[in-house]
Amino acid sequence: MEKIDVLIIGAGVVGLAVAAELSKQFKDKSLVLLEQHSKFGQETSSRNSEVIHSGIYYPTGSLKAKLCVEGNQRLYQFCREWEIPHKRIGKLIIARNETEIPALESILAQGRKNGVSDLEILDRDQITKLEPNIRADAAILSPSTGIIDSHKLMLRLEWLALERGAIIAYNHEVMKVDSKGNEYYVTYRNPTGQLESIHCSWLINCAGLNSDRIVSSLGINIDEIGYRIYPCKGEYFSVTNTKSSLVSRLIYPPPLKELKGLGIHATKTLDGRLRFGPNAFYVETLEYNVNENHAQEFYNAANTYMPFLNPSDLHPDMAGIRPKIQAPGDPFRDFIVCHEVEHGFEGLINLVGIESPGLTSSLALAEIVKGYVH
Ligand SMILES: Cc1cc2nc3c(=O)[nH]c(=O)nc-3n(C[C@H](O)[C@H](O)[C@H](O)COP(=O)(O)OP(=O)(O)OC[C@H]3O[C@@H](n4cnc5c(N)ncnc54)[C@H](O)[C@@H]3O)c2cc1C
């Protein structure tokens, strides 16, 4: 059985960022990344809003807050360095009426506490100057929020990892993981359907929606340690006609309770399309259809701040699934990024519950992992 130093499971944006970073830092270590699909980013990393968040909402001191603020800067720098298409278009968090203004004030305070230093409060006239077609009484302007081509980001991370000596094996599905001492024995299905094994000293679990199953296959009780994933779907509807050009920034209402989601907001794609979503509902099965019957829910939400829309302007677009560890009705949960020494698994690094802002935080998450590996 082949022995390597580092094995990463999952070629989403996080696994790729980790592979790129570790292969740069540890040139003497052998590194393999196993991915079940035929190419990178076939799950959550290609089914999201592609927003570079600034880190406003999350509780101060949480990894989500810290890594988002840090990840935002790292990502912009990376985009500049590697010419990844992106735009710092800015975002407005709006109060649609007087009753939402206190929510804005607490969001502003939270953002500033988190170190987002460029936030501004706008009144109705200032909003009208920036976004004449939006109906809002007040807003927070977040200039450092932007959008990114996540495919090009992953393509570059993949290239960097390969260039630095990592091996990326697509069509390799990890079926089981065992541990013996501080070594990990990983059984995977190869592209011809046969089971094979490899063993490693460092096992880095970046398996997204499957990351809890990887943990349980080691005999760890995921309910006891709070690692179970409760998939939470988010659908998008988009505007395909010229009305897309009536808005130029990202427009968000105040977020949902316990940060279950950020509310049905309006994002722009790099090609200028206006897109609404995601909504948020827990699901049992992982499928990505958009339920056309939800169009009315989207229209009702969007119409509260974009009165120029008609129901017929909205078309089903795509859906993604959040790998939440926050069970229905539970309070906020943070990212889990843990070297599992305390659970008796030296060399096992789990990244579980990497929902939004995981794309923004990807490079910062990779930094943390780098700090664990030696
Ligand atoms: C609707 C929605 C909107 C979002 N919007 C934003 C946003 O605007 N900004 C932002 O910062 N974040 C956003 N996010 C969050 C962001 O998309 C995720 O945090 C990020 O993509 C997670 O990346 P990942 O690599 O951890 O997971 P994934 O992309 O899911 O990658 C995991 C990989 O592991 C592989 N895998 C799983 N099991 C196995 C196995 N057994 N063997 C081999 N491979 C395996 C999968 O095939 C997959 O490729 C959003 C998420 C959703 C769902």
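These are my notebook entries on a helix pair, a ligand shell and a hairpin in a predicted model.

**Entry 1: helix 1 and helix 8**

I looked up how helix 1 (residues 13-25) packs on helix 8 (residues 358-372). The angle is about 35° and the axes are 8 Å apart. I noted the crossing as right-handed. I then listed the residues that meet. Helix 1 brings Val13, Val14, Ala17, Val18, Glu21, Leu22 and Gln25. From helix 8 come Gly358, Leu359, Ser362, Leu363, Leu365, Ala366, Glu367, Val369 and Lys370. Sorted by class, the residues of this contact are 10 nonpolar, three polar and three charged.

**Entry 2: the ligand shell**

I asked which residues are closest to the ligand. They are Gly10, Gly12, Asn48, Gly208 and Gly358, out of 40 that surround the ligand. Helix 1, strand 10 (173-180), strand 18 (314-324) and helix 8 each give two or more residues to this shell. Gly358 thus turns up twice in my notes, in the helix 1 contact and among the residues closest to the ligand. By class I have 15 nonpolar, 18 polar and seven charged residues in the shell.

Where does the ligand lie with respect to domain 1 and domain 2? Domain 1 (2-47 + 151-228 + 331-372) gives residues to the shell, and domain 2 (91-143 + 230-324) does too, so the ligand lies between them.

**Entry 3: strand 10 and its hairpin**

Strand 10, already listed for the shell, I followed to its partner. Strand 10 pairs with strand 11 (residues 183-189) in the antiparallel sense, over seven bridges. Across this pairing, I found lysine 176 opposite threonine 187 of strand 11. The hairpin has two residues between the strands, and glycine 181 takes a positive phi near 60° there.

Terms used. Residues numbered from 1 in each chain as written. Predicted model: local features only at pLDDT ≥ 70, side-chain atom pairs only at ≥ 80, totals over all residues. Axes fitted to C-alpha atoms, helices over the stretch in contact; angles between N-to-C directions. Helix = DSSP H or I, 4+ residues; strand = E, 2+ residues; numbered from the N terminus. Left-handed = near helix turned anticlockwise from the far one by under 90°. Contact = placed C-beta atoms within 7 Å. Nonpolar A, V, L, I, M, F, W, Y, C, P; charged D, E, K, R; others polar. Near = placed C-beta within 6 Å. Domains from an automatic or database assignment. Pairing = 2+ DSSP bridges.
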